[in-house]
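Colleague: Please take a close look at pockets here, and then say how the aromatic rings are arranged.

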Amino acid sequence: DDAPDGTAAGLFASADIGESSVVLDLYALTPGATYTFELRATANGGDEAYATVDVTMNLAPRAGALSVAPTSGTALTDPFSYACANWVDDADDLPLEYEFRYIVGDDAPGLDTSAYPLDTEVAAVDRQTSASYTVLSMPEGAGANASVVAVAYVFDQFDAWARATAQLVVALAQWDAGALADAADALLATSLDEGDPAAAAQ
């Protein structure tokens, strides 16, 4: 779509502004901006009246970051702890909620990060009020760098959201078949004890 030009033609999804009701294209409005909407009505006899209303668009959570520790580890065995910090929003938009995901591979340039969630993302935990979460294990990263991208979504109470990422290296340990089977059994048992069916199914 073309960038909104601030005119009625750029802001309204319906074509005929003369109708008694119109549809706003919310994606044409700038977050944080205040808009004054004016309605004018003309009676059959020519008398006119008008009313105005000011609407301030919601801003998404902002100014925060995602950190993950450690930033490198071993696939299938090492836990990775996500933590979101310093996210702010208007008081009326609180409390914030957090959802943690990951991508096996790179968060490549050109991805449409305005979509939620991305098809390449794997959910680590559903939306929660806690700003931290520990993923019990990660799969092996992709490519020569064993790349995994940790992803956090931060939501306000009106579902406006922001996305943050952190780059990880998750390499596969060089084990024999017996050690690998033991590690898989231990991971399964821990995941079930922790009530984490997503990790148990990996």
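Modeller: On a 1 Å grid over the protein atoms alone, a pocket is an open set of points where a 1.4 Å probe fits, with protein on both sides within 12 Å along at least five of seven lines, and its lining residues have an atom within 4 Å of a point. This is a predicted model, in which local features need pLDDT of at least 70 and side-chain atom pairs pLDDT 80 or more, while totals for chains, interfaces and linings use all residues. Numbering starts from 1 along each chain as its sequence is written, and side-chain values use heavy atoms, leaving out hydrogens and water.

The largest pocket holds about 480 Å³ of space, a volume filled by probe spheres set on grid points joined across faces, edges and corners. Its lining has 13 residues, with L26, Y27, P31, N58 and A160 nearest the centre. By class, 10 of the lining residues are nonpolar (Ala, Val, Leu, Ile, Met, Phe, Trp, Tyr, Cys or Pro), two are polar and one is charged (Asp, Glu, Lys or Arg), with the others, Gly among them, counted as polar.

As for the rings, there are seven aromatic pairs, meaning rings of Phe, Tyr and Trp (its six-membered ring) with centres within 6.5 Å, stacked if the planes are under 30 degrees apart, edge-to-face if over 60 and tilted otherwise. Y35 and F37 are stacked, at 6.3 Å and 25°, and both are buried (under 20% relative accessible area with a 1.4 Å probe, protein chains only; exposed is over 50%, partly exposed in between). Y153 and W161 instead meet edge-to-face, at 5.4 Å and 75°; Y153 is buried, at 0%, whereas W161 is partly exposed, at 25%. These two residues join Y116 and F155 in one aromatic cluster.
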